[in-house]
Amino acid sequence: MNKYPEPTVSAVIFNPDGKILLCKSHKWGNKYVIPGGHIELGEKMEEALKREIVEETGLNIYDIKLVSLKESIYSDKFHEKRHFIFIDYICKTDSTNVSLNDEAEEYEWVDIEQIEYYDLGGFTKELLMKV
């Protein structure tokens, strides 16, 4: 178990059609979440976000805006006992071509009005209600 809280960045990514990207993740009980990951030492938050999004989805993002900060201490929604600080952004991409790495099994571009029809993991639903 980590000794310190883990700051992570995540993105609600809008494509040119105004749909958002949801990725199904085994780490979140095979539910849909938004992509993101850990900030590395010496890395700025937005740099971490851009890197993680490219690694996980192959997408380049821009128009990045901070929307949410949330603490999660030992939540049972995650597959391990961890203390996260979630730093969430909204942003845009010009592409709809997603290439997933091994962090997610599948993805969907979703109309934000349709999110209640998806099995959302973690704190994704309350975040998307703010967007």
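A disulfide is taken here as a pair of cysteine sulfur atoms within 2.5 Å, and the views below, all drawn from a predicted model, begin with the two cysteines to which that cut-off applies.

**View 1. Cys23 and Cys91, two buried cysteines without a bond between them.** The sulfur of Cys91 lies 12 Å from the closest cysteine sulfur, that of Cys23, and this is too far for a bond because a disulfide requires the two sulfur atoms to be within 2.5 Å. The relation holds from the other side as well, since the closest cysteine sulfur to that of Cys23 is the one in Cys91, again at 12 Å. By this rule the count of disulfides comes to 0. Cys23 counts as buried at 4% relative accessibility, and Cys91 likewise counts as buried, at 2%.

**View 2. Strand β6 and its pairing with β1 and β5.** Strand β6, which spans residues 83-92, is mostly covered, with 7 of its 10 residues buried. Strand β1 (residues 6-14) pairs with β6 in the parallel sense over 9 bridges, and within β6 it is Lys92 that stands opposite Phe14. Strand β5 (residues 62-73) runs antiparallel to β6 and is joined to it by 9 bridges; here Leu66 has Tyr89 of β6 as its bridge partner. In a regular strand, side chains alternate between the two faces of the sheet.

**View 3. The largest nonpolar core and the surroundings of Leu21.** This core holds 18 residues, of which Val9, Ile13, Leu21, Leu49, Ile53, Leu59 and Ile61 touch the most other members. The elements that contribute two or more residues to the core are β1, β2 (20-25), α1 (45-57) and β6. Apart from this core lies another, of 10 residues, which include Ile34, Ile115, Leu127 and Leu128. In soluble globular proteins, nonpolar side chains tend to be buried together. When neighbours within four places in sequence are left aside, Leu21 is in contact with Ile13, Val33, Ile34, Pro35, Thr57, Leu59, Val98, Tyr107, Glu108 and Trp109.

**View 4. The largest pocket and the residues that line it.** About 600 Å³ of space lies in the largest pocket. Its lining is made up of 33 residues, and those closest to the centre of the pocket are Ser10, Trp28, Ile34, Gly36 and Phe86. Two or more lining residues come from each of β1, β2, β4 (36-38), α1, β5, β6 and α2 (124-130). Among these elements, α2 gives the most to the lining, with 4 residues.

**View 5. Asp63 and Tyr74, two residues other than glycine with positive phi.** Asp63 lies in strand β5, and its phi is near 50 degrees, a positive value in a residue other than glycine. With a relative accessible area of 39%, Asp63 is partly exposed. Tyr74 belongs to the loop between β5 and β6, and its phi, also positive, is near 55 degrees. At 42% relative accessibility, Tyr74 counts as partly exposed.

Note on methods:
Residues are numbered from 1 along each chain as its sequence is written. This is a predicted model: local features need pLDDT of at least 70, side-chain atom pairs count only at pLDDT 80 or more; totals for chains, interfaces and linings use all residues. Side-chain values use heavy atoms; hydrogens and water are left out. Buried means under 20% relative accessible area, exposed over 50%, partly exposed in between (1.4 Å probe, protein chains only). Two strands pair if DSSP finds at least two bridges between them. A nonpolar core is a set of buried Ala, Val, Leu, Ile, Met, Phe, Trp, Tyr and Cys residues joined through side-chain atoms within 4.5 Å. Contact means heavy atoms within 4.5 Å. On a 1 Å grid over the protein atoms alone, a cavity is a set of points where a 1.4 Å probe fits but cannot get out, and a pocket is an open set with protein on both sides within 12 Å along at least five of seven lines; lining residues have an atom within 4 Å of a point. Grid points are joined across faces, edges and corners, and a volume is the space filled by probe spheres set on the points.
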